[in-house]
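Work through the exercises below with the model open. Each task is followed by its solution.

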Protein chains: 2
Amino acid sequence: MTKKKAQIRTTKEDFVNYSSKLRKEFTRLTISPGDRISFVDEKKSIEGHILEQNELGDPNAILIKMDNGYNIGIQFSLTATIRKMTGRVELESFPIRIPQQKSGLPEISLLATGGTIASRIDYQTGGVVMAMQPEEIFASLPELFDEVSFKSVKSLFSMGSEDMNFRQWRIIAEESFNELNSGVQGVVITHGTDIMGYSAAALSFMLQDLISPIIITGAQRSSDRGSYDGAINLISATRAAAKADIASVMICMHETSSDDTCLLTLGTKVRKMHTSRRDAFRPINDRALARIDMAGKITELQENLPRRNEGNMNLQTGYNDKVTLIKIFPGISPDVLDWYIDKGTPGVIIEGTGLGHVPTFTPSKENRSWIPSFERAIDEGIFVGMTSQCLYGRVHPFVYKALRTSYQVGVTFLQDMLPETALIKLGWTLGNYNDPEEIRRLMVNNLAGEINSLSKFAEFLI
Amino acid sequence: MTKKKAQIRTTKEDFVNYSSKLRKEFTRLTISPGDRISFVDEKKSIEGHILEQNELGDPNAILIKMDNGYNIGIQFSLTATIRKMTGRVELESFPIRIPQQKSGLPEISLLATGGTIASRIDYQTGGVVMAMQPEEIFASLPELFDEVSFKSVKSLFSMGSEDMNFRQWRIIAEESFNELNSGVQGVVITHGTDIMGYSAAALSFMLQDLISPIIITGAQRSSDRGSYDGAINLISATRAAAKADIASVMICMHETSSDDTCLLTLGTKVRKMHTSRRDAFRPINDRALARIDMAGKITELQENLPRRNEGNMNLQTGYNDKVTLIKIFPGISPDVLDWYIDKGTPGVIIEGTGLGHVPTFTPSKENRSWIPSFERAIDEGIFVGMTSQCLYGRVHPFVYKALRTSYQVGVTFLQDMLPETALIKLGWTLGNYNDPEEIRRLMVNNLAGEINSLSKFAEFLI
């Protein structure tokens, strides 16, 4: 046994998420992460490179990357034989299969930005890291190249979406604008899921008068997991970009937790509603625009969709990132709004309770009403928009006296707009316009499907 | 025409939400709000007191309160005849029918706090105000008094719930504690819907080791509307308080938008998910505990429910209201957390993205990572808890490197707890305990159903 092996054995970083029984076995066999092993028991024989177990994984299952690129978790038992074999993969690279492009196929462009769809397990930590390039994402999808031709595949960033903001949105919007103007049928954007809804809203406002679809997709599960959803989402997004006759910014993700269909949801009316389910992206106060099945068949679910056209798109990437969002809770002090006013924020979205409430009544001296702070904000020219933390439904300033009080001091009630979409719309509006009346007019009028007329699509929990 | 009538005619406050055609007709007939009128057209003949039209109402429909207490909106046409009659109701009072209490029925207590269930139209403004006393709520429910006997009916407050906070929760908790200890079968609390979920969570923590059910109910529609849901919710809540063998704090509201069933949902796992639908209250990361139908039949939907018992309840009403909640959005500056730290907040709940992310990477100098502010908060002894704005699902600190970074500096990941419940639990924990280790231990352990073990009830959008 070499000294190096001994070091590996005693490093706490290795195999931390495996059971002590398995760790002992790996130690005995001098196996470290990335080593090629064979596993044989009465039922199966498997060969591949051993991975760190994910913290969420079964500590008694051995995670192996097989030569076909898929990972498998195998339950260990005392009747199983594990053997160390020759051959070891370098921890950060896998073979990339770059497909041949055929002629005569519809052309689309792909912009990769990172996210789980471009992630895999980091052998060192057992965690998931953003590492894959677009070509790697495609490696397991050769069939796609019989259907579409990629005019352009660009890796713009390699980020988890939680770190993105308007700077990335601008770049994605400009790149999408240029690609669509170059004549492709559509653009696919691979993206982390955390803030995918916010990004979809941002692109919906930055790119006005679209001529072709822009489809954002990603994965809720990383490519090393059996439940990886990125492949089907990407195939469906690519087909939708090539074929759907809907000129909107849309998100394409699983419709249900099975692999039957994906939904195309409008960028301003969609929200990540679950931390981990594959069908986490749901339309709110809206129906999905269309469904796409595994054969690529697109079924439209709404009428009067905006169609592909030969018009001129508008690119408006101004954004004022000093806007903020405040979620109301019982007893919340308006101090936080005062502080944002002092700090020079140009606009605030309030996520009120119910139909758009904030504390306004003062049952005791310890609690302050929000109304004076609203008045102060509005006097100083700050836009204050009201949305609801219910998410579903619409705010309304006339039902209760307390709501009317907010309305009367100048708070703008933003109908059935999602709080997140309202924040992005406000940043975009303030980044592109100066006149307060124009800004208020833009905020209450529908620009990109973010406001639906009364209860037109009042579907709940779909 | 007297001078007084002329004044009424020219007062802008009257009939502002009616069409000019109707306003002219009312002026011609010297009708003012509260007057008794008859309305006759080819189809119907109706008599009652004319009301101001709600701002949401049809300006061409005349709103009449009939003698049975219900309001009706009648479309006005030129073939209709309106006549002013003698008799006028005082604007703020309606007859109250106080029922006889029978003996031998299960005893419950009712605590009224205000809200839409205790509201009606304000004739002066057309808006909805909190005005009704508990006896008034009961006036339309005489059948209830064949089933239960009210040991105590108290009007604690007459507030819209958006103005409530821990001071009201303390009073409700103490009153509930005393009522249950007095031997009633259960307590019903009528409550506004805006923050009903927060209040249910607060009572769940303030009242430990319950011996009988505490049922919170309310209405999404006011009593002057045909879609009023308060009656059925209150009947169902009362029956559940008398009969359900579940010793928990629960919310009882409509299961669907029809009047068939109500759900009993656990106080720590329920959220108002729609601004106006009657079935707005949904269990999140949980199933409802039970369903109650219009015949009062209770069907349990979970196993191992806490049962009525003869134990000793614990009342712990400490609450530290300096806790706060911050909802994360792309590019949000940690300045707001720094400000809360400077202000002396003892605890913060972060509503992160996805599995519990905040901006941690710094793609440009304009954006700061949240990690140093987390470190500073934790160094100063401030509890920082992580939840997800997805609402459904659970946060997890190990899947991505960025999550692990937050975890490593001491952020506590709060599993599948709702952000709102986490905020209330933190306020309660800090209000009753001092030792930081004890506080952290309490926050990550299940006290009142607020944390479910992995995916046990992983139901989505139900």
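**Exercise 1.** Decide whether helix α6(A) is mostly covered or mostly open, and check its length.

Solution. The model is predicted, and burial is assigned by counting: a residue is buried if 20 or more other C-beta atoms lie within 10 Å of its own. By this count twelve of the 14 residues of α6(A) are buried, and the helix is mostly covered. Among them are A:Ile232, A:Leu234 and A:Ile235, but also A:Asn233, A:Thr238 and A:Arg239. For the length, take residues 230-243 of chain A: from first C-alpha to last, α6 reaches 20 Å, close to the 20 Å expected at 1.5 Å a residue.

**Exercise 2.** Find the strand order of the open four-stranded sheet in chain A, then place helix α11(A) relative to the sheet's strands.

Solution. The order is β20-β21-β22-β23, with parallel pairing. Strands β20 (324-327) and β23 (412-413) of chain A each pair on one side only, which makes them the edge strands. Next, β22 (residues 383-388) is joined to β23(A) by two bridges, and A:Met386 stands opposite A:Phe413. Finally, α11 (residues 436-444) lies across β22 and β23 of chain A, at about 10° to β22(A).

**Exercise 3.** Describe the side of chain A that touches chain B.

Solution. The contact takes 62 residues from chain A and 63 residues from chain B. Elements giving two or more residues on the chain A side are β8, α4, β20, α9 and α10. The largest share, three residues, comes from α9(A). By class, the chain A side divides into 30 nonpolar, 17 polar and 15 charged residues.

Note on methods:
Residues are numbered from 1 along each chain as its sequence is written. Chains are lettered from A and ligands numbered from 1 in the order in which they are written. This is a predicted model: local features need pLDDT of at least 70, side-chain atom pairs count only at pLDDT 80 or more; totals for chains, interfaces and linings use all residues. The expected span of a helix is 1.5 Å times one less than its number of residues. Two strands pair if DSSP finds at least two bridges between them. Two residues are in contact if their C-beta atoms, placed from the backbone, lie within 7 Å. Axes are lines fitted to C-alpha atoms, for helices over the stretch in contact, and angles run from 0 to 180 degrees between N-to-C directions. Ala, Val, Leu, Ile, Met, Phe, Trp, Tyr, Cys and Pro count as nonpolar, Asp, Glu, Lys and Arg as charged, and the others, Gly among them, as polar.
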